[in-house]
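Student: I've got a model open and I'd like to talk it through with you. Can we start with the ligand and then move on to the domains?

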Amino acid sequence: MKKHLVISTGAGMSAESGISTFRDAGGLWEKYPVMQVCSADGFARDPAIVHKFYNERRAQLDTVSPNAGHRALVDLEQHFDVDVITQNVDDLHERAGSTRVHHLHGELRKVRAIDDDTLVYTLRPRECTTPDTRIDGHAVRPHIVFFQEAVPEFEPATKIVAGADIFVIIGTTLSVYPAAALLRYVRPGTPVYYIDPNPADVPADVHVIRAGASEGIAELARILLDKK
Ligand code: APR
């Protein structure tokens, strides 16, 4: 029986693929006013700017590839029953080959009907949207969780974390809730690892690997496979 390995990833997971993080020097939130392009109020105020912002981020997706860290997580599926819970909206975990990926904050390649959030559509490569776009007659919005909005995938994610035999956090400042609270849902005694070159403060029993994703996951694999 393979142990259940649950991995929670943030923007740092995609940094080595060339996708900017949000809060590092030069990060996305230094270049864009976050509440204008990633909040419910911002979308209500000027949807055209929000559509443009996500069209640009989606276009970048076609120019980047999964990195060695993404691929190392796929390799771990040979030894563990792996769930990836990501704050990232890119599709790099899927393109690397991870088989169970849960997006807490939505998916860049998808939009959904404004008048019915059960209608979710995957855009074609290089397809852009504007406030005037209609799909099946519906006006659409990015399938992204904006600030000031609920995170419907959080509850299901807590159940996955509660079933983990090992919990790993990679590449996140742990500054955005409720995603940052996933750590609280591990069963007592569950080993927790945190891979980040500039880690946020975490409880003393968390095993911090101060490294980038690719190097850190290689170190994690050595630790976990030595313990098997
Ligand atoms: N490998 C691993 N981690 C890295 C690397 C790397 N090569 N480079 C940077 N990091 C780390 C940084 O040290 C930082 O801890 O990635 C983290 C990036 O933090 P943020 O930019 O805050 O990204 P994240 O924590 O994912 O943000 C959470 O905020 O804006 C919202 O919805 C957005 O999902 C996002 C959420």
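Student: How many Å separate an oxygen atom of the ligand from a polar backbone atom of Q87?
Tutor: Keep in mind that this is a predicted model. The partner atom on Q87 is a polar one in the backbone, and it faces an oxygen of the ligand. The distance between the two is 3.3 Å.

Student: And which residue has a side-chain N or O atom 2.8 Å from an oxygen atom of the ligand?
Tutor: Here you want a side chain, whereas Q87 used its backbone. The ligand atom is an oxygen, and the side-chain N or O atom at 2.8 Å belongs to W29.

Student: What about the ligand's nitrogen: which residue has a backbone N or O atom 2.9 Å from a nitrogen atom of the ligand?
Tutor: Look along the backbone for this one, since a nitrogen of the ligand has a backbone N or O atom 2.9 Å away. That atom is part of A213.

Student: How much of the ligand's accessible area does the protein cover?
Tutor: On its own, the ligand has 740 Å² of accessible area. With the protein around it, the covered share is 92%.

Student: Which class has ten residues in the shell around the ligand?
Tutor: The shell is made of 22 residues, with F22, R23, T172, T173 and D196 the closest. Split by class, eight are nonpolar and four are charged. The ten you're after are polar.

Student: Where does the ligand lie relative to domain 1 and domain 2, and why?
Tutor: Domain 1 is 1-18 + 66-105 + 150-228, and domain 2 is 20-63 + 110-144. Both domains give residues to the shell, so the ligand lies between them.

Student: What is the area buried between domain 1 and domain 2?
Tutor: The C-alpha centres of the two domains are 25 Å apart. Their contact draws on twelve residues of domain 1 and nine of domain 2. Carbon and sulfur atoms give 59% of the buried area, which comes to about 740 Å².

Student: Which three residues supply 42% of the area that domain 1 buries against domain 2?
Tutor: No other three residues supply more of domain 1's share. The trio is A11, G18 and V89.

Student: How many residue pairs are in polar contact across the interface of domain 1 and domain 2?
Tutor: Salt bridges won't help you here, as zero turn up across this interface. For polar contacts, the number of residue pairs is two.

How values were computed: Residues are numbered from 1 along each chain as its sequence is written. This is a predicted model: local features need pLDDT of at least 70, side-chain atom pairs count only at pLDDT 80 or more; totals for chains, interfaces and linings use all residues. Side-chain values use heavy atoms; hydrogens and water are left out. Domain bounds come from an automatic or database domain assignment. Contact means heavy atoms within 4.5 Å. Buried area is the accessible area (1.4 Å probe) that two parts lose on being put together, summed over both. A salt bridge is a side-chain nitrogen of Lys or Arg within 4 Å of a carboxyl oxygen of Asp or Glu. A polar contact is a pair of N or O atoms within 3.5 Å; within protein, one must be able to donate a hydrogen and the other to accept it, and residues adjacent in sequence count only if both atoms are side-chain atoms. A residue is near a molecule or strand if one of its heavy atoms lies within 4 Å of it. Accessible areas come from the Shrake-Rupley method with a 1.4 Å probe; for residues, only the protein chains shown count as cover. Ala, Val, Leu, Ile, Met, Phe, Trp, Tyr, Cys and Pro count as nonpolar, Asp, Glu, Lys and Arg as charged, and the others, Gly among them, as polar.
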